[in-house]
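Trainee: Could we walk through this one together? I'd like to ask about some surface and strand details.

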Amino acid sequence: MSTSHKDLHSKLTLGGLLISLGIIYGDIGTSPLYVMKAILGTHIIDPDVVLGGVSCVFWTLTLQTTLKYVILTLSADNHGEGGIFALYALVKKTKIKWLIVPAIIGGSALLADGIITPPISVSSAVEGIKTYNPEINTVPIVIAILVMLFTIQQFGTKLVGRFFAPMMTIWFSMLAILGTIQVFSHPEVFKAINPYYAYNLLSIHPEGFFVLGFVFLCTTGAEALYSDMGHCGRKNIRISWIFVKVALMMNYFGQAAYLINQGGETLQSLGGKNGNPFYLIMPSWFQPFGIVIATLAAVIASQALISGSFTLINEAMRLNFWPKVKIKYPTELKGQLYIPSINWLLLAGCIGIVLHFRESSNMEHAYGLAIILCMIMTTILLNYYLIMKRVKWYFFMPLISLYLIIEFSFLAANVTKFSEGGYVTLFIALVLISVMTIWYLAKKINKSYTKIVKIDNFKKVLVELSNDLTIPKYATHLIYLTNAGRIDEIEEKVMYSILQKRPKRADIYWFVHVNVLNEPYKKEYKVTEIVKDDLYRIDFNLGFREPTKINLMFREVILDMVKRGEVDVTSRYESLNKNNIIGDFKFVLSEKFLSNDSDLLWHEKIIMNSYFLIKKLSLSEESAFGLDSSSVKIEKFPMVLHAPENLGLHRIK
């Protein structure tokens, strides 16, 4: 990890605090746009429901966001990086195999809810226009904003990022000021801090418990807050959260103060079809400014989630949960990446959500069901992280139990949303879970049927082959990528390729292994000389967020070895050697296909056929490893699983 990256996590700076406001709080910061509106719906405004609702919001933000995420979960960082996959990479060290289940479910649920966050935030903001013209169709405006937002992703967020922090500072200041004005007129609203009002709503009110499904919307951005920790650092998030929470609570209390005095009315009678307490508490002269600021804040909230989705998919690829897809690095900024396929899939999903639900009030019913699953999975992984850290059981057991009770209550309240639109995000989550599970299990099956042999058994024949002038030279330098973790081992198929498929004579053979580490940022390599001037192995140790650019990295290693006098890469062809021409380098990659001779079990057949289907749609091996296709040879190998040992043939005379 670079020094500047370490500083980011150990220092509290004004710049870090501002970046936190711009990047981290988009999702959770735009929730006042729809939470109180969702709690009341089309019902007549009842002061008890308003006080109970805002009391639930206060305690949810205190227990769930502040205590669980900002204080507890942010401590579970992987070299400064957060998020469910970073947490899984940490607890993987416990060797508990089934922990992969909550990791895959949690990551998929977070991605699935990422498809509904941009539409609900942008729709809620843009619908403020209906205060002036109730008949206006906001759907084309929302889609236009989303298309523009996803189109600019390919240029990176460096320029836009500078605009984020001041814009979100204005947004949170506006939330606090608007709320404070209302609270000054009706300070009695502060009695909602007493948890009795929350209890009263949940236990006595006929529909009280199901209100939790809408209350939950106030904390949906907490998981994204943890995922984005790597961009800003723990200290900056914890300190900036104080300002953010105060601003959010003042706005919620302000909306509640206004609503308490509107008993007997409905939101629709106060503000038309799309009556929203967020806009109702604004002075009429300020509303146009409020709509513009809210729309910009919603765009920023969406941006944070899109960046988070790219990071999540990148981590999933490195942890073998996702097929290899093309990654671009639009800026030099650490961790800044762009994944075209995911970008356009997200846009298609967002447009589909807008066209399906049309209004934010309909989206509220679908929102939150998937993200609560993600939070439960984080709690399970956090439990094992605390065990791994040897935290005393009497400290973490009550905490984990408390959060499982809270989160399962939220889940139960959100289940009612399934038929009202929750099935959309759950369906998307199931598709993502299926892809991740198939990819992971296929890689596991693949690995279990890969035969590994000792290099020592082939040293002599490789040296002899290298000097055998009766065989035409295949390349000066021949490079194979290997999955064999041990330095003294190699896959049998590599030796088959060199010695039998077509004997490949080369002056120097190179075996290259990429080891993905459980930490995010590291770039190390180790060179092992197996046979001097004939056979070398290079092991790259890369963090799970580092790009795999084997072509460039291999070249750097060779230059370093030449400088140290460890290897001579000059061409061995006489005429070229005389003129100091560097020898040619050729990579050989093996591409497997499922052999017809495989005798698979039914579940293996489903997994492997699905795997090869997904593989066709994913990035080729040479592109995934950043290799120059002009110097790559692809060899196809049959993958034989459970080959019958004896076909029962009888010889006859």
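Mentor: Sure, here are a few questions with their answers. This is a predicted model, where local features need pLDDT of at least 70, side-chain atom pairs count only at pLDDT 80 or more, and totals for chains, interfaces and linings use all residues. Residues are numbered from 1 along each chain as its sequence is written, and side-chain values use heavy atoms, with hydrogens and water left out.

Trainee: Is Leu-12 buried, partly exposed or exposed?

Mentor: Leu-12 sits in the loop between α1 (3–10) and α2 (14–23); helices here are DSSP runs of H or I with at least four residues, strands are E runs of at least two, and both are numbered from the N terminus. Buried means under 20% relative accessible area, exposed over 50%, and partly exposed in between (1.4 Å probe, protein chains only). At a relative accessible area of 47%, Leu-12 is partly exposed.

Trainee: How many residues of strand β6 (residues 535–542) are buried?

Mentor: Look at both faces. On one side Leu-535, Arg-537, Asp-539 and Asn-541 are buried, and on the other so are Tyr-536, Ile-538, Phe-540 and Leu-542. For β6, then, the count is eight of eight.

Trainee: Which residue in β6 is the bridge partner of Val-531?

Mentor: Strands pair if DSSP finds at least two bridges between them. β5 (residues 523–531) and β6 pair in the antiparallel sense over eight bridges. The partner of Val-531 in β6 is Leu-535.

Trainee: And which residue in β6 stands opposite Asn-515?

Mentor: Here β4 (residues 505–516) and β6 pair in the parallel sense, over eight bridges. Opposite Asn-515 in β6 you'll find Asn-541.
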